[in-house]
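Here are my notes on this predicted model. Please read them with the structure open.

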Amino acid sequence: MDPWHKKDGFSQKNRAIGEDWPRSAHTMVGVARLHNLADLAQEAIKQNIPGDFIETGVWRGGCCILMSGILAAYGDTTRKVFVADSFEGLPTPKPKRYIWDKDDPLHKYSQLAVSMEEVKANFAKYDLLSSNVEFIKGFFDKTLPTLSSNSFSLLRLDGDMYESTIVALENLYPKLSPGGFIIVDDYGAVEGCRKATDDYRRENNIGATLNVVDWTGVWWQKPA
Ligand SMILES: C[S@@+](CC[C@H](N)C(=O)[O-])C[C@H]1O[C@@H](n2cnc3c(N)ncnc32)[C@H](O)[C@@H]1O
């Protein structure tokens, strides 16, 4: 049986902590991680930390829609929201390069492949589709090295795998402004993601406190 099948049904408890793949919600991130995202996006604005917002791994787009809504609520038209995804699901593991992805099954799940058209349509439902939202289509190893932005104040990594996490860290963390925030959604849920995050922090001497959001989400602030 599909191991995720049991997660398909609605449960208030699972939704609160994002432990399901909801049928129709625009994000699978639960309430706790949505509050965390809203808090850090607002802190970036209030503390005048320069740079755009990005999520790598957007699924139906809900977290990017939330970031765009917060910018709109603050009347901030100077920052963009980057919406980065293959829009075709996760990549096939490359075990020779990323051993922690060897047995990762997530690329087999069609539930994780949401088209760019569907994500754009979701943005439109909130009247938030604007020129300040930039869609970055393709696998991260191809797209993230050539983004049009060189400055971010908020990074939200939600690509599950070791590869998807480490490629995002290598390409985006150097562009995170001092005082900026980084969220890693899958730190508790996916061993490869946790390993990639720990490897990157160790290799780059990042000692900033890792703050826990819930059973899986973590974040830290880049020292100013
Ligand atoms: C768990 S879902 C993201 C959930 C989403 N943040 C939300 O709010 O519901 C993972 C997403 O990451 C994308 N993804 C994972 N690895 C990727 C990669 N290397 N390149 C492009 N997209 C990737 C998948 O297509 C999928 O949409």
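1. Start with α6. This helix lies across β1, β4 and β5. Its direction makes about 175° with β4.

2. Next, the helix pair. α6 (residues 162-172) packs with α7 (residues 191-203) at an angle of about 30°. Their axes are 7 Å apart. Angles under 35 degrees count as roughly parallel, so α6 is roughly parallel to α7. The crossing of α6 past α7 is right-handed.

3. Who makes that contact? From α6 come Y162, T165, I166 and L169. From α7 come G192, C193, K195, A196, T197, D199 and Y200. By class, the contact of α6 with α7 has 6 nonpolar, 3 polar and 2 charged residues.

4. Now the sheet. It is open, with 7 strands and mixed pairing. The order reads β3-β2-β1-β4-β5-β7-β6. The edges are β3 (133-137) and β6 (211-212), each paired on one side only.

5. Look at the β3 edge. β2 (residues 81-85) pairs with β3 in the parallel sense, over 5 bridges. V81 stands opposite V133 in β3.

6. Helix α2 (residues 31-46) also packs on the sheet. α2 touches β1 (52-56), β4 (152-157), β5 (176-184) and β7 (218-221). The direction of α2 makes about 175° with that of β5.

7. Last, the ligand. Which of the 24 residues around the ligand come nearest? They are T27, G57, W59, G159 and S164. The elements giving two or more residues to this shell are α3 (62-73) and α6. The shell divides into 12 nonpolar, 7 polar and 5 charged residues.

Methods
Residues are numbered from 1 along each chain as its sequence is written. This is a predicted model: local features need pLDDT of at least 70, side-chain atom pairs count only at pLDDT 80 or more; totals for chains, interfaces and linings use all residues. Axes are lines fitted to C-alpha atoms, for helices over the stretch in contact, and angles run from 0 to 180 degrees between N-to-C directions. Helices (H or I, at least four residues) and strands (E, at least two) are DSSP runs, numbered from the N terminus. Angles under 35 degrees count as roughly parallel, over 145 as roughly antiparallel, 65 to 115 as roughly perpendicular and the rest as oblique. A crossing is left-handed if the near helix is turned anticlockwise from the far one by less than a right angle, and right-handed if clockwise. Two residues are in contact if their C-beta atoms, placed from the backbone, lie within 7 Å. Ala, Val, Leu, Ile, Met, Phe, Trp, Tyr, Cys and Pro count as nonpolar, Asp, Glu, Lys and Arg as charged, and the others, Gly among them, as polar. A residue is near a molecule or strand if its C-beta atom, placed from the backbone, lies within 6 Å of it. Two strands pair if DSSP finds at least two bridges between them.
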